[in-house]
Amino acid sequence: MTSKTAQRLLIVSNRLPLRVVKEREGTWRLERGSGGLVTALAPVLRNRGGAWIGWPGVPAEKSSGNLSELMDKAGKDLGYRIVPVALSRREQRLFYEGFSNEVIWPLFHEFPSLAQFKPSYWDAYRSVNRKYAEIIASHSQSDHFIWIHDYQLMLVAQSLRDLGVQSHLAFFLHIPFPPLDVFLKLPWRLEVLRALLQYDLLGVQTARDRRNVIECFRALMPDVTWRGRGRVVVGQVNGRAVRVGDFPIAIDYRSFARRANAKEVLAVRDMIRAKLPDRKIILGVDRLDYTKGIPHRLEAYREALRRHPDLHGRTTLVQVVVPSRTGVPQYRRLRARIERLVGTINGEFTRPGWVPIHYIFRSLSPEELLGYYRAADIALITPLKDGMNLIAKEYCTTNVDNDGVLILSEFAGAASQLQNGAILVNPFHITEVADAIYFACTMPISERKRRMKKLRQVIRKQDIFWWVDSFLRSAFSKHLSEFPQLEEYMPLTSTS
Ligand code: F6P
């Protein structure tokens, strides 16, 4: 391994990979994060040494007591340092809820009319990005590989360069990058693009996102020249090279497939099935978000029930909605809209012994979630726009009997990898989704197995370890022609 590939890592994300839970005033407890990103990066961080920098999720005003002690201890247990970034209530409101989630989130998901382009939000975004950069700079050394994550932190590279940091800087955008005509609406579009050019590697989820980024650069920064074809292209900016590539994020396939057969999971599955005997269980699982298309989906199910009375009493839609970003007004309004619609549809169709929609508004424990995946005959995943959508991948992975069906929005990033086994739908087309539901409910077992095997094969091959490896590989390749086979590259993570 060359010295370059042995660089230590600094991972930076808006939130730390830990959940802070309040026990009582001034006393906190930490729960370990279990997402794919932590699973994949933890072994790399432990092997190379490094730190994870991010916001603990509680306002600075409240974070006294034993919190910093707990973070130090968590770092020792995890084998890498945990560095908290304290954000005040005001910063949380203007930077996190404001610019991140009322400007970038709606705009990048192509809901420009929802974006609130307030200058105070932009000021807070700039100053919080600067704050992250100062903390990173104080923990970084020249041999660090600094990997920054997501839309909350797009300007960090610019501030780091201003602070004189010369390290290799990489960025991964977990959400979509919008097309040019949408991006142009951003009043601070040039500042954002200029800052993104300060990264050495810019990763996005899909080829479409990559094309969008390049189109925006070409239109707004004509001095940058681009070359290369395929997954990674290179821009030349004042003698520096910036790579832009697509790297579809993934899950820990083996772990999900193994946990699908855990005793607790099977108990939940059996309990759900016993309560809903002889039904096709259709499952939707989403964070509460207008990008997820939940009202459209409920309307599509209503349309399927109207068109196909043979589905009455024989299907149940279980819709799980996980509370999220409750400080943002649009999210509160959406909840009310969903709940009204569930009530209206259940009011129209319920009869003794059958309620068509089971609605759950809370987080599920991992065992419950896997139990629902195992019980479901069909996953109905119809976001209006989604960076990737890992629920689609998790559902297929835990479908170890290969007999489930995935109905997937063509506007989920996952569609680019899963198009050969899923039923792809346009989530805005209510009757098309209704027909897809009927098609899925009546699909013969041989076709279900054929499709599901294909899906699981892709998800197994392109798992989270593959994702980290291919990202780091393209960061360290000397020439584009070396991608994806590089002499100096050695797998940095392991699935064993
Ligand atoms: O998909 C983008 C993302 O920021 C994820 O990283 C995160 O899990 C999710 O949205 C929820 O975000 P928040 O941190 O705002 O709760």
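Mentor: In this predicted model, G79 takes a positive phi of about 90° just after helix α2.

Trainee: How do you know that the span of helix α2 agrees with its number of residues?

Mentor: Helix α2 covers residues 67-78, and its 12 residues should span 16 Å at 1.5 Å a residue. The C-alpha atoms at its ends are 16 Å apart, so the two values agree.

Trainee: Which residues of α2 are called buried, and what makes them so?

Mentor: Buried means under 20% relative accessible area. In α2, L67, M71, A74, G75 and L78 are buried.

Trainee: How do you know that these residues lie on the same side of α2?

Mentor: They cover an arc of only 100° around the axis, and therefore they are on the same side of α2. In an α-helix there are 3.6 residues a turn, so residues three or four places apart point the same way.

Trainee: Which residues are exposed on the other side of α2?

Mentor: E69 and K76 are exposed there; the term exposed requires over 50% relative accessible area.

Trainee: What makes the approach of Y96 to the ligand a polar contact?

Mentor: A polar contact is a pair of N or O atoms within 3.5 Å. An N or O atom in the side chain of Y96 is 2.5 Å from an oxygen atom of the ligand, which therefore meets the cut-off. For R15, a polar side-chain atom lies 2.7 Å from a ligand oxygen, and for R325 the value is 2.8 Å. The protein covers 64% of the 390 Å² of accessible area that the ligand has on its own.

Technical notes. Residues are numbered from 1 along each chain as its sequence is written. This is a predicted model: local features need pLDDT of at least 70, side-chain atom pairs count only at pLDDT 80 or more; totals for chains, interfaces and linings use all residues. Side-chain values use heavy atoms; hydrogens and water are left out. A polar contact is a pair of N or O atoms within 3.5 Å; within protein, one must be able to donate a hydrogen and the other to accept it, and residues adjacent in sequence count only if both atoms are side-chain atoms. Accessible areas come from the Shrake-Rupley method with a 1.4 Å probe; for residues, only the protein chains shown count as cover. Helices (H or I, at least four residues) and strands (E, at least two) are DSSP runs, numbered from the N terminus. The expected span of a helix is 1.5 Å times one less than its number of residues. Buried means under 20% relative accessible area, exposed over 50%, partly exposed in between (1.4 Å probe, protein chains only). The arc is that of the directions from the helix axis to the C-beta atoms.
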